[in-house]
Number of protein chains: 2
Amino acid sequence: MPGNYLKETDQALTIFKDYCKKKQMRYTLERETMIKALYRLEGHFAVDDLLRNIRRHNPKARIAKTSVYRALPFLMDAGLLRESIAGVGSIVYEHTLGHRDHDHLRCLRCGKIVEFYSPDLIGIQTRICRKEQFLAVRRINTVNGYCRLCKDTAG
Amino acid sequence: MPGNYLKETDQALTIFKDYCKKKQMRYTLERETMIKALYRLEGHFAVDDLLRNIRRHNPKARIAKTSVYRALPFLMDAGLLRESIAGVGSIVYEHTLGHRDHDHLRCLRCGKIVEFYSPDLIGIQTRICRKEQFLAVRRINTVNGYCRLCKDTAG
DNA sequence: TTCTTATTGCATCTTAGTTGCAATAAGAAT
DNA sequence: ATTCTTATTGCAACTAAGATGCAATAAGAA
């Protein structure tokens with residue numbers, strides 16, 4: 001469990017409550033459970049990881065995967081979550097609360113993910129979008145390859 | 001059909017013949033058909049587009065989708081093709097022959113894809129990989145958002 | 001022409017994600 | 001507190017992408 005789990009969770013719950021009010025949506029027990037689970041997970045995770053975590057911690061709460069899939073777009077829209085890595089089968093999410101905008105190197109052999117932060121890179125993307133009169137919603141920048149430890153043994 | 005279809009196709013077939021020889025693989029009629037279809041398609045395409053193109057042009061050749069899925073990794077490894085856009089459901093491919101290394105803006109409303117070429121951006125990625133001792137195989141850089149024509153009507 | 005074995009097509013499976021719908025429960029109105 | 005509206009839920013069934021096991025086929029070397 002991450003260090004400031006409680007603080008981040010509380011912050012997230014408040015944000016989502018406000019979001020629901022603004023959008024005339026309902027703040028349900030299921031969504032609260034889901035957000036709590038979200039912050040129990042560190043780093044990058046797929047929907048399946050999230051579901052398993054919910055079910056492990058709330059064996060009696062019968063939250064359907066459908067509900068999770070339906071809630072995800074709202075959580076992203078509320079600014080709690082975003083899609084993360086490119087080039088894997090299923091979509092991988094990560095928290096945005098307390099995480100600055102960053103990108104990823106992904107090892108094709110061991111699956112390790114290295115985050116990197118490059119304002120220069122973000123600046124270039126911003127400039128290109130401006131030139132094309134393109135309204136950016138979500139940048140994705142991933143380099144797939146082999147990490148330091150795997151590259152020697154990579155075919 | 002792209003301008004220099006014949007030239008590119010021939011070049012691709014030659015490359016793939018050599019690749020098969022080197023890897024003790026068989027250069028089959030099915031793979032040849034597939035490569036020809038590949039170069040009939042412009043720009044970005046999914047496996048399904050490829051299959052439809054093959055079946056339209058070769059109604060009697062019964063190429064199974066399984067075979068296409070199995071051949072794709074080889075075509076990529078041979079340098080004819082690469083995975084292209086991030087953040088869509090199915091994987092999108094594009095030719096590499098005669099296409100310099102570029103990236104994409106993708107409109108979430110109309111689906112339009114704008115290519116852009118930025119050596120600065122590639123340079124930054126290269127520098128980061130060097131620093132992390134990471135062997136890059138495939139860069140992905142996509143900005144999802146709304147294009148000039150769609151951004152005013154985007155909720 | 002023969003023989004080895006990579007590749008194919010088919011059928012079947014898996015996994016991610018979606019949809020329709022009746023039942024439930026927020027939360028606003030009374 | 002109770003009622004009422006309607007957003008949300010759980011379930012089941014569906015779709016679509018892609019993978020897999022296997023017997024039949026066909027490259028291409030001998």
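**Exercise 1.** State how exposed Gln133(A) is, and locate this residue in chain A.

Solution. Gln133(A) has a relative accessible area of 42%, so it is partly exposed. The cut-offs are under 20% for buried and over 50% for exposed, with partly exposed in between, using a 1.4 Å probe and protein chains only. Next, its place: Gln133(A) sits in the loop between α5 (119–131) and β6 (135–146) of chain A. Helices (H or I, at least four residues) and strands (E, at least two) are DSSP runs numbered from the N terminus. Last, its backbone: phi is near 55°, a positive value in a residue other than glycine.

The model is predicted: local features need pLDDT of at least 70, side-chain atom pairs count only at pLDDT 80 or more, and totals for chains, interfaces and linings use all residues. Residues are numbered from 1 along each chain as its sequence is written, chains are lettered from A and ligands numbered from 1 in the order in which they are written, and side-chain values use heavy atoms, without hydrogens and water.

**Exercise 2.** Describe Gln24(B) by its place, its exposure and its phi angle.

Solution. Gln24(B) belongs to the loop between α1 (5–22) and α2 of chain B. Its relative accessibility is 77%, so Gln24(B) counts as exposed. Phi of Gln24(B) is near 45°, which is positive, and the residue is not glycine.

**Exercise 3.** Find what the side chain of Arg40(A) has around it.

Solution. Start with the element: Arg40(A) is part of helix α2 (residues 29–40) of chain A. Then check charge. Arg40(A) is buried but has no salt bridge (a side-chain nitrogen of Lys or Arg within 4 Å of a carboxyl oxygen of Asp or Glu). Glu32(A), the nearest side chain of opposite charge, is 9.8 Å away; Lys and Arg count as positive, Asp and Glu as negative, while His and the chain ends are not counted. Finally, the side chains of Arg40(A) and His57(A) share a polar contact of 3.3 Å. A polar contact is a pair of N or O atoms within 3.5 Å; within protein, one must be able to donate a hydrogen and the other to accept it, and residues adjacent in sequence count only if both atoms are side-chain atoms.

**Exercise 4.** Give the make-up of chain A.

Solution. Chain A has five helices and six strands. From the N terminus, their order is α-α-β-α-α-β-β-β-β-α-β. Of the 155 residues in chain A, 45% are buried.
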